[in-house]
Amino acid sequence: MKKTVTVLIGFLGICIFMSCASVQQPEPDNPVYRYLKHSELQCEGNEQKSNVKRALVDIVTLPGHELRRMKYSDNIHKGPLDITFLL
């Protein structure tokens, strides 16, 4: 009897977890999120891919005046790029 109760409680816990995990979270009402959700990463080489990732993190973490000063290296265009050109 004790083993059956333990098994039932475990099964109930798994069912609750599965039902909570399957609930979809609402999407944020953010135009940048909506745009990037369906976008495709296009880059040439690992350096450019790394710079794009860094720029996306910078957008979220840095204030606007620092973003305007940021420059990203790029071997294709032979010079530092600002964030708007890179993205």
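Biologist: What relative accessibility does Gly79 have?
Modeller: This is a predicted model, where local features need pLDDT of at least 70, side-chain atom pairs count only at pLDDT 80 or more, and totals for chains, interfaces and linings use all residues. Residues are numbered from 1 along each chain as its sequence is written, and side-chain values use heavy atoms, with hydrogens and water left out. Gly79 sits in the loop between helix 4 (64-69) and helix 5, helices being DSSP runs of H or I with at least four residues, and strands runs of E with at least two, numbered from the N terminus. Gly79 counts as partly exposed (buried is under 20% relative accessible area, exposed over 50%, partly exposed in between, with a 1.4 Å probe and protein chains only) because its relative accessibility is 24%.

Biologist: Which residues is Gly79 in contact with, beyond four places in sequence?
Modeller: Contact means heavy atoms within 4.5 Å. With the neighbours within four places set aside, the partners of Gly79 are Tyr72, Ser73 and Asp74.

Biologist: How many helices does the protein have?
Modeller: From the N terminus on, the elements run α-α-α-α-α. There are 0 strands, and the number of helices is 5.

Biologist: Which element has the highest mean pLDDT?
Modeller: pLDDT is the predictor's confidence in each residue, from 0 to 100. The protein averages 75, and 68% of the residues score at least 70. Among the elements, helix 1 (residues 2-21) has the lowest mean, 59, while the highest, 88, belongs to helix 4.

Biologist: Which elements give two or more residues to the largest nonpolar core?
Modeller: A nonpolar core is a set of buried Ala, Val, Leu, Ile, Met, Phe, Trp, Tyr and Cys residues joined through side-chain atoms within 4.5 Å. The largest one has 7 residues: Val52, Ala55, Leu67, Tyr72, Leu81, Ile83 and Leu86. The elements that supply two or more of them are helix 3 (46-61) and helix 5 (83-86).

Biologist: Which residue forms a salt bridge with Asp58?
Modeller: Side chains of opposite charge can pair when their charged atoms come close. The structure holds 1 salt bridge, a term that needs a side-chain nitrogen of Lys or Arg within 4 Å of a carboxyl oxygen of Asp or Glu. Both partners lie in helix 3, 4 residues apart, about one turn of the helix. With the closest N and O atoms 4.0 Å apart, the partner of Asp58 is Arg54.

Biologist: Is Asp58 buried or exposed?
Modeller: Asp58 touches Leu67, Met70 and Tyr72, not counting residues up to four places away. Its salt-bridge partner Arg54 is partly exposed, with a relative accessible area of 37%. Asp58 has a relative accessibility of 9% and therefore counts as buried.

Biologist: Which residues does Gln48 contact beyond four places in sequence?
Modeller: Gln48 belongs to helix 3. Its relative accessibility is 13%, so Gln48 counts as buried. Its contacts are Cys43, Asp74 and Ile76.

Biologist: Which elements give two or more residues to the nonpolar surface patch?
Modeller: Such a patch takes residues with over 30% relative accessible area and no salt bridge, with nonpolar side chains (Val, Leu, Ile, Met, Phe, Trp, Tyr) joined within 5 Å. The patch of about 700 Å² is made by Val32, Tyr35, Leu36, Leu56, Ile59, Val60 and Leu87. The elements that give two or more residues are helix 2 (31-37) and helix 3.

Conventions: Patches are made of residues with over 30% relative accessible area and no salt bridge: like charges are joined within 9 Å, nonpolar side chains (Val, Leu, Ile, Met, Phe, Trp, Tyr) within 5 Å. Accessible areas come from the Shrake-Rupley method with a 1.4 Å probe; for residues, only the protein chains shown count as cover.
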